[in-house]
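I opened this notebook to record what I looked up, element by element. The entries follow the order in which I went through the model.

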Amino acid sequence: MVHAGSVAIDVHPPRASARAKRWRRHWQPLRAWKPALAQAAHRLERSFLGSWDPGDVSESAVIQRMVIPGWPQIYCGRVLRGRILLGVWSMLLGGGLLYAGTSLGSLLLGMAVSVHVASALELALDEGASAMERLVRAALTLVLIVCLVYLPAVWLIGRVATPRQLLADSGPLNIGDVVLVNRSMYAVAEPEIGDLVLYEIPEADLTGRTDAGYNARFLIRGPRMDRILAQAGQQITYDQGRLTVNGVASSLRPLNPGHLPASLSLTVPADSYLILPSSDHNLTEQVIREVCIVPRSRIEGQVYWQTQPLSAFGVIR
Amino acid sequence: MPRFTKLELQTSVSAEAASNLTPRVETGSTAWMQRADQSRRSGSYEGALQFFSRALEDDKTLVRAWVGQVQMLIMLGEHPEAEVWSRKALELFPAEGDLHAARAQALVRLQRTKEAFASVDAAMSQPGQSAYRWTVRGELLLAGRQSTERHCFDKALQTDGDWLVPVNIALIYLEYRQPSNALNRARTGTERDPGAAYAWYVQGVCQAELGLDGPSAKSLRTCLELSPGHRDAEDRLQALRQGGSLWKRVRGVWSR
């Protein structure tokens, strides 16, 4: 240490510890291969995708085209690369939408987002940038694409087609099946008799007995899916599986008629609908009477399409 | 001198005392610098680093010693430390082109290419020229896989006729696994000064990397003739006698 004036200037440089040197020696071969790998990737790219001259392109035009993966590449003259990106993204997105609501669907949609981000990053990243700068740019690009493209898309699509996976058997629908729910349907129209709907069952905490005669406490809550059988003001009678509305026989049935009590008779109050919770097993007549009248506000949307399994793909009737 | 404006020297020292002090300091630091240069030219970077530090203990205004320290740290593979040290030296001598170049070299070895280019640009914008600046510029281009690196290296050779310049370029090529280019530069070094043992050593290393065991042994023997105690050359020669490194021998067995 040397003192110059009032300031001490250390003239001995910092040294790497033996451990640091060992660590660097281990990583040195990997670092040495990095340029060779980059060169090989560059050659591969040139041989498969050809050389690229972006020419005179407008930055704003490129940014606008980042909404769809591959489009900016096509615009910049990297047509083959753009088509590959667009094709892969389309397949992943299509598969993800087809399997929406399942784990596979989530995986495919995630990969589609990754391809989209990769497409944007190819043009957003500067080769000369440091690792940290690249990381930050990549994170920002991901956030921007998710916020500007996917979140609005999910919100919009979710208004008319929210995938819901069934957690219990409901007549023709089984556990694991996926259906689409139109949540905006009843914002513009009233629910109709016969509609299959997703609704929040009226909460009930009841004591009673099971069919086998045991004491039981029934705590009922949460979303359910079933058919609207009658609307406000109508008098219904359900007897031995036959439904009569205002004395007239109705062909409508709940999703799972086998799980309902033998008889039921009531009048639907104002601003409510009759929906028998047929997917709940072992509900007594007393319990069903408590929860089958569903206020309008508890109906969330119309269930109209089944996507899984693929063998049952189509309109639910 | 503007380059020393950041140093806080004692202002209370009289002019006479300062004039008496200056020659004594220069004498000591000059001796250390000479020893550092000798060590460096023999490939003993650790020793050279210590001598540069001793020189700075005597005279901390020796920019060449600061640059030498950073260069030795880079040669010893201590790139993060070299970058830190170059930054510190630049706080003292912000207008020194060679210090900017040294920092650029440390940065490019750390793969911080963008900052390295900024540093080398700063180095080139400083007044004067040096072979080292052109050498570092060439290394940056080499790291960026640009073929124009050769022009920078040629410019470095034109700027300075010292045999150490082509040898340093050869070492850079070796760092980037281009032994063929390295050998060409090492040959220039031995041609410039056939009495430079270290140049022969580097040439031997390049030849060994290319699998030219015979010529490599010959170069290393020449190095040992010129510098009988050259430890690295002895080790290399011994390895060649045993059929190369362990990995090379394994590959030899595999290819039989």
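**Entry 1, a strand with two faces.** I began with strand β7 (residues 215-220) of chain A, where the side chains alternate: A216(A), F218(A) and I220(A) point to one face and are buried, whereas N215(A), R217(A) and L219(A) point to the other face and are not buried. I note here that this is a predicted model. Looking for the partner of this strand, I found that β7(A) runs antiparallel to strand β6 (residues 204-209) of chain A and is joined to β6(A) by six bridges. F218(A), one of the buried residues of β7(A), is the bridge partner of L206(A).

**Entry 2, a three-stranded sheet.** I then traced an open sheet in chain A, whose three strands come in the order β9-β14-β15 with antiparallel pairing. Its edges are β9 (230-231) and β15 (293-295) of chain A, each of which pairs on one side only. Between β14 (residues 272-274) and β15 of chain A I found three bridges, in the antiparallel sense, and I noted that L274(A) has I293(A) as its bridge partner in β15(A).

**Entry 3, chain A as a whole.** I listed eight helices and 17 strands for chain A. Of its 317 residues, 37% are buried, and its accessible surface comes to about 18100 Å², with 60% of that belonging to carbon and sulfur atoms. When I took the contacts in chain A between residues at least 6 apart in sequence, 57% of them joined residues at least 24 apart.

**Entry 4, the cores.** Which residues touch the most other members of the largest nonpolar core? Of the 76 residues in that core, they are W66(B), L99(B), Y201(B) and V202(B). I followed W66(B) further and, leaving aside residues up to four places away in sequence, found that it touches I9(A), D10(A) and V11(A) of chain A as well as L56(B), K60(B), W85(B), A89(B), L92(B), F93(B) and L99(B) of chain B. Apart from the largest core lies another, of 31 residues, which include V197(A), Y199(A), I201(A) and V294(A).

**Entry 5, a helix of chain B.** I closed with helix α10 (residues 179-192) of chain B, whose 14 residues should span 20 Å at 1.5 Å a residue, and the end C-alpha atoms are indeed 20 Å apart, which agrees. Its buried residues are P179(B), N181(B), A182(B), L183(B), R185(B), A186(B), G189(B) and T190(B). What covers these buried residues includes α8 (149-159), α9 (164-175) and α11 (197-209) of chain B.

How values were computed:
Residues numbered from 1 in each chain as written. Chains lettered and ligands numbered in written order. Predicted model: local features only at pLDDT ≥ 70, side-chain atom pairs only at ≥ 80, totals over all residues. Heavy atoms only, no water. Helix = DSSP H or I, 4+ residues; strand = E, 2+ residues; numbered from the N terminus. Expected span 1.5 Å × (residues − 1). Buried < 20%, exposed > 50% of the residue type's maximum accessible area, 1.4 Å probe, protein only. Contact = heavy atoms within 4.5 Å. Areas by Shrake-Rupley, 256 points an atom, 1.4 Å probe, with all protein chains shown as cover. Pairing = 2+ DSSP bridges. Core = buried A, V, L, I, M, F, W, Y, C linked by side-chain atoms within 4.5 Å.
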